[in-house]
Structure formats: structure tokens, C-alpha cells
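The exercises below ask the reader to work from coordinates to statements about packing, pairing and backbone geometry. Each task is followed by a solution that goes step by step.

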Amino acid sequence: MNQQEKPAIYEDEINLYDYCKVIVKRKSLIIGLFLVAILASAIISFLMPKIYRGEVVLKLTTKELTTKELTTKELTTKELLSIIGKPDGERIKTILPKTHNFVSGITLNELKGSADKLQVFIESKNPDRIPDIIAELVEYMNNYPLIKRYVEQEKERLLKQSEELSKIIEDSTELKNNYKKMLTAGRLIPIGFNPIDLDKRLSDLKIEKIVVEQAIRNLKGMEIVGQLYVSRNPVKPRTTMNIALAGITSLFAGIFIVFLMEYSERAVK
């Protein structure tokens, strides 16, 4: 059995040796192709425009609204993205009429594990313009009919709430003054009545009204969360990766060409 296997192993060793001879024989071609590919890749990567990336998280502050696209329910970033669509090509010009010339690409993703946060990636040749691009994108989002409608509805609700608080504060203040007059005149026995509790209640109502008024002033459909990150080094082109990929591909291509040439020469003979 061992004697039968030896010729096969020996034949494999001969074939492997022949393959190595072919590669060594035409090593100049392989090395030349390898060097040309690396040099060409390096030159192309050097001539390509440098692209920088900005990253920021936007938060959707909407809660409930009624639209033609959606029934009355909580609006999520996933649903918003499905309505806005993918920002590419002509769509970018519509979204960013002022800064689209500086944009190489926009990616909008729903932040994993969150229904109200949107992860935004901006690619630009000019990193100094990325903050302007983000600002215009947020402005577009806040003026989008779906979000703008919510802001108007929410503003109406908060204004109504502020008016109700003002009426309650006014009535409570009048009631407090009447109680004081009656106590001073001796017409009211302060059993179960504590003026301090009433003052505290009035103070709480005034604070609540201030909070509502601040909410009205700061009301937005979409806002930036955290800090905008802009890469200091270009993310494209990936020069090192391009050169490495070109080198590996050229080696395989060179070996294939060498064996093809060797096969053609033997076929002619």
C-alpha cells in the first residue's frame, strides 16, 4: 500500500517544483506588475480628493400627532426616515440648497436601541463646512411638514396650559388675599387652613408656568444631542488599504498570467 502511494507523492512534489520554477523563471514580470500596481494605486489615491467625516446625533422631540402618513401615535425616527427617503443625488440639493456643493455624502441611521435618536454622518471635502451642513440639515428637519405640524400642535397645547396656569394663579392669589382680609377682620377661624401651604402651592404653580413658557420658547421638532465630531484626518481615500489591495491583487494576477503564458508556450511546442 505504501509503495503505491509513493509515486503519487513524488509526482505532487515534482508538480510543485515545476510551479516554483515557472514563478522564478518569470519573476521579473510578477515583480514588475506588483510595483506598477502599487505605484498606480499610490498616485491615484494621492490625486483623489480628501474626504472628511462629521458625526452627530439628532433627537426627535415629537410625541403624538395626526398626519396623512401616520395615524395618531408616537413618531419614531424609523418612520421619519421612511417618509423622508434616502438623501442622495438630487435629494441632497433639495435638503441642503445652501451647502450641497460641499457635501460628498449623507447617511442617516436610526440609533440602535433608541426610537427617537438619529445618527447622522456627513462626508465633505471641506471639514470647516461640516457644522454649517449640520445646521442646515437640522433646519430642514424642523421645517419638514410632518415635524412642523407637530411643533404647531404642541405649541397650541402649551399655550393653553400656560393660560390655564395663569388663571389658576390669579384665582389662587385672589383667594389668598380674601382669606387674609377675613382673618384680619376676625371673620375667619383658621381651623384646617394654613397660609404657608397656600403660598407654597402658589410658588409651585408659578414655577410650573415658567417651565411651560421656557418649553414654548425652546420648542423644536429636532435638536442636536451632544457634540458634533469632525475627523481631523481624511476618511477617504484609504491610501494604505488601496495600496495593500492593489499589491495583493497584482500578485495573484501576475501568477495567473505567468502560468497562462507558460501553458501557451508548451501548447505551441
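**Exercise 1. Determine what percentage of the residues of the chain count as buried, and set out the order of helices and strands.**

Solution. Of the 269 residues in this predicted model, 29% count as buried. Assigning the secondary structure next gives eight helices and six strands, and reading these elements along the sequence yields the pattern α-α-β-β-β-α-α-β-β-α-α-α-β-α.

**Exercise 2. Describe how α2 and α8 pack, and say which way they run relative to one another.**

Solution. Two numbers are needed for a pair of packed helices, namely the angle between the axes and the distance between them. For α2 and α8 the angle is about 150°, and the axes lie 8 Å apart. Since angles over 145 degrees count as roughly antiparallel, α2 is roughly antiparallel to α8. The remaining descriptor is the handedness, and here α2 passes α8 in a right-handed crossing.

A pair of residues can be added to this description. Phe46 lies in helix α2, and its C-alpha atom is separated by 7.6 Å from that of Thr239, although the two residues are 193 residues apart along the chain. Phe46 counts as exposed because its relative accessibility is 63%, and the cut-off for that class is over 50%.

**Exercise 3. Identify the residues that form the nonpolar patch on the surface, and state which helix supplies its largest share.**

Solution. The patch is formed by Leu29, Leu33, Phe256, Ile257, Leu260 and Met261, which together have about 510 Å² of accessible area. Sorting these residues by element shows that α2 (27-47) and α8 (239-268) each supply at least two of them, while the largest share, four residues, comes from α8. Met261 can serve as a check on the assignment: this residue lies in helix α8, and with a relative accessible area of 33% Met261 is partly exposed.

**Exercise 4. Examine three of the salt bridges, giving for each the N to O distance and the placement of the partners.**

Solution. Side chains of opposite charge can pair when their charged atoms come close. The structure holds twelve salt bridges, and the three treated here are taken in turn.

1. Arg26 and Glu262 meet at 3.4 Å, N to O. Arg26 is in the loop between α1 (2-25) and α2, whereas Glu262 is in helix α8, so that this pair, 236 residues apart, links distant parts of the chain. Both Arg26 and Glu262 are buried.

2. Glu123 and Arg53 meet at 2.9 Å, N to O. Because Glu123 lies in strand β5 (residues 117-124) and Arg53 in strand β1 (residues 52-60), the pair ties together parts that are 70 residues apart in sequence. The partners fall into separate accessibility classes, for Glu123 is buried at a relative accessible area of 11%, while Arg53 is partly exposed at 28%.

3. Glu90 and Lys93 meet at 3.6 Å, N to O. These residues are three residues apart in helix α4 (residues 90-95), and therefore they are separated by about one helical turn. Glu90 counts as exposed at 56% relative accessibility, and Lys93 counts as partly exposed at 41%.

As a last step, shared partners are traced: Lys25, Arg26, Glu262 and Glu265 are joined into one network by salt bridges of this kind.

**Exercise 5. Locate the cis peptide bond, and find which residue just after α3 takes a positive phi.**

Solution. Most residues other than glycine have a negative phi, and most peptide bonds are trans. The cis peptide bond joins Lys236 and Pro237, with omega at about -5°, and Pro237 is placed in the loop between β6 (222-230) and α8. The positive phi, about 90°, belongs to Gly85, just after α3.

The surroundings of α3 (77-84) complete the solution. Within this helix, Thr77, Glu79, Leu80, Leu81 and Ile84 are buried. Leu75 is found in the loop between β3 (73-74) and α3, and a relative accessible area of 2% makes Leu75 buried as well. Finally, the C-alpha atoms of Leu75 and Ala115 are separated by 8.5 Å, with their positions 40 residues apart along the chain.

Technical notes: Residues are numbered from 1 along each chain as its sequence is written. This is a predicted model: local features need pLDDT of at least 70, side-chain atom pairs count only at pLDDT 80 or more; totals for chains, interfaces and linings use all residues. Side-chain values use heavy atoms; hydrogens and water are left out. Patches are made of residues with over 30% relative accessible area and no salt bridge: like charges are joined within 9 Å, nonpolar side chains (Val, Leu, Ile, Met, Phe, Trp, Tyr) within 5 Å. Accessible areas come from the Shrake-Rupley method with a 1.4 Å probe; for residues, only the protein chains shown count as cover. A salt bridge is a side-chain nitrogen of Lys or Arg within 4 Å of a carboxyl oxygen of Asp or Glu. Helices (H or I, at least four residues) and strands (E, at least two) are DSSP runs, numbered from the N terminus. Buried means under 20% relative accessible area, exposed over 50%, partly exposed in between (1.4 Å probe, protein chains only). Axes are lines fitted to C-alpha atoms, for helices over the stretch in contact, and angles run from 0 to 180 degrees between N-to-C directions. Angles under 35 degrees count as roughly parallel, over 145 as roughly antiparallel, 65 to 115 as roughly perpendicular and the rest as oblique. A crossing is left-handed if the near helix is turned anticlockwise from the far one by less than a right angle, and right-handed if clockwise.
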